[in-house]
Amino acid sequence: MKKVYDFIKKCGTYYLATVDGDQPRVRPFGTILLFEDKLYIQTGKSKDVSKQIQANPKAEICCFAEGTWLRVAGELVRDERKEVKKAMLDDYPELRGMYSEDDDNTEVLYFKNATATFSSFTAAPEVINF
Ligand SMILES: Cc1cc2nc3c(=O)[nH]c(=O)nc-3n(C[C@H](O)[C@H](O)[C@H](O)COP(=O)(O)O)c2cc1C
């Protein structure tokens, strides 16, 4: 799990895919947090990406660095706890201009039933389930 988190941090930007009916949707994301051994992302409930996740929690992220790419596929679960939102925003203080752990919009979600796969052209895939 820490290896997955560290790699996403190294990438800086990852791409989050969601399902919108029969249409895949993908966009750049950057927020990532390891909290209570769960991998969290952050968004706003007002965004389409959030509405898509609530309608269908299946999601996948992908990022690439130094010849290796990582995909994390699973389900995203909303966590309404203020302490997780605070931990996320404390890690990304620049987001505090738009978000607060006390507002109605800030959303953090963690991966469950997830499979992380590290791939490269030179080594066998490494799979981590969490
Ligand atoms: C480098 C980068 C990182 C971003 N990180 C996030 C993020 O962590 N959370 C978020 O909600 N939006 C983030 N955004 C903005 C989303 O990509 C943008 O709001 C997108 O339109 C959301 O998808 P949607 O239009 O399908 O709702 C980021 C944008 C960029 C360019």
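**Figure 1. The shell around the ligand, sorted by class.** Three nonpolar, five polar and three charged residues make up the shell around the ligand. The model shown here and in every view below is predicted. The shell residues are Thr-13, Arg-27, Pro-28, Phe-29, Gly-30, Thr-31, Gln-42, Thr-43, Lys-47, Asp-48 and Val-49. Strand 2 gives the largest share, three residues.

**Figure 2. Polar atoms of Gln-42, Thr-43 and Lys-47 beside the ligand.** Start with the backbone. An N or O atom in the backbone of Gln-42 sits 2.9 Å from a ligand nitrogen. Now look at two side chains. In Thr-43, a side-chain N or O atom is 2.7 Å from an oxygen of the ligand. In Lys-47, a side-chain N or O atom is 2.8 Å from a ligand oxygen. How much of the ligand does the protein bury? Alone, the ligand exposes 640 Å², and the protein buries 61% of that. Strand 2 (23–29), strand 4 (38–44) and helix 2 (48–55) are the elements that each give two or more residues to the shell.

**Figure 3. A salt bridge between two loops: Lys-45 and Glu-80.** Side chains of opposite charge can pair when their charged atoms come close. The count for this model is 14 salt bridges. One of them joins Lys-45 to Glu-80, with the closest N and O atoms 2.7 Å apart. The two residues are 35 apart in the chain, so this pair links distant parts of it. Lys-45 is in the loop between strand 4 and helix 2. Glu-80 is in the loop between strand 6 (68–79) and helix 3 (82–91). Both ends are partly exposed: Lys-45 has a relative accessible area of 22%, and Glu-80 has 44%.**Figure 4. Strand 6 meets strand 7: Arg-78 and Glu-107.** The side chains of Arg-78 and Glu-107 form a salt bridge, 2.6 Å from N to O. Arg-78 belongs to strand 6 and Glu-107 to strand 7 (residues 106–120), so the pair ties together parts that are 29 residues apart in sequence. Is each partner buried or partly exposed? Arg-78 is partly exposed, at 32% relative accessible area. Glu-107 is buried, at 0%.

**Figure 5. A salt bridge at helix 3: Asp-102 and Lys-82.** Asp-102 pairs with Lys-82 in a salt bridge, and their closest N and O atoms are 2.9 Å apart. Lys-82 lies in helix 3, while Asp-102 lies in the loop between helix 3 and strand 7, so the pair ties together parts that are 20 residues apart in sequence. Asp-102 is exposed, with a relative accessible area of 55%. Lys-82 is partly exposed, with 46%. Another group can be traced here. Glu-36, Asp-79, Arg-81 and Glu-83 are joined into one network by salt bridges that share partners.

**Figure 6. Two cysteines without a bond: Cys-11 and Cys-63.** A disulfide is a covalent bond between the sulfur atoms of two cysteines. How many disulfides does a search of the whole structure find? The search finds zero. Why is Cys-11 not bonded to Cys-63? The closest cysteine sulfur to that of Cys-11 is in Cys-63, 3.2 Å away, and this is too far for a bond. The cut-off for a disulfide is a pair of sulfur atoms within 2.5 Å. Cys-63 is in no disulfide either, and its nearest cysteine sulfur is that of Cys-11. Both residues count as buried: Cys-11 has 17% relative accessibility, and Cys-63 has 3%.

**Figure 7. Positive phi in a loop: Glu-36.** Most residues other than glycine have a negative phi. What is the phi of Glu-36? The value is near 50°, which is positive, in a residue other than glycine. Glu-36 sits in the loop between strand 3 (33–35) and strand 4. Glu-36 is partly exposed, with a relative accessible area of 49%. This residue also belongs to the salt-bridge network with Asp-79, Arg-81 and Glu-83.

**Figure 8. Positive phi in another loop: Glu-66.** Glu-66 is a residue other than glycine, and its phi is positive, near 50°. Where is Glu-66 placed? Glu-66 is in the loop between strand 5 (58–65) and strand 6. Glu-66 is exposed, with a relative accessible area of 66%.

Key
Residues are numbered from 1 along each chain as its sequence is written. This is a predicted model: local features need pLDDT of at least 70, side-chain atom pairs count only at pLDDT 80 or more; totals for chains, interfaces and linings use all residues. Side-chain values use heavy atoms; hydrogens and water are left out. A residue is near a molecule or strand if one of its heavy atoms lies within 4 Å of it. A polar contact is a pair of N or O atoms within 3.5 Å; within protein, one must be able to donate a hydrogen and the other to accept it, and residues adjacent in sequence count only if both atoms are side-chain atoms. Accessible areas come from the Shrake-Rupley method with a 1.4 Å probe; for residues, only the protein chains shown count as cover. Helices (H or I, at least four residues) and strands (E, at least two) are DSSP runs, numbered from the N terminus. Ala, Val, Leu, Ile, Met, Phe, Trp, Tyr, Cys and Pro count as nonpolar, Asp, Glu, Lys and Arg as charged, and the others, Gly among them, as polar. A salt bridge is a side-chain nitrogen of Lys or Arg within 4 Å of a carboxyl oxygen of Asp or Glu. Buried means under 20% relative accessible area, exposed over 50%, partly exposed in between (1.4 Å probe, protein chains only).
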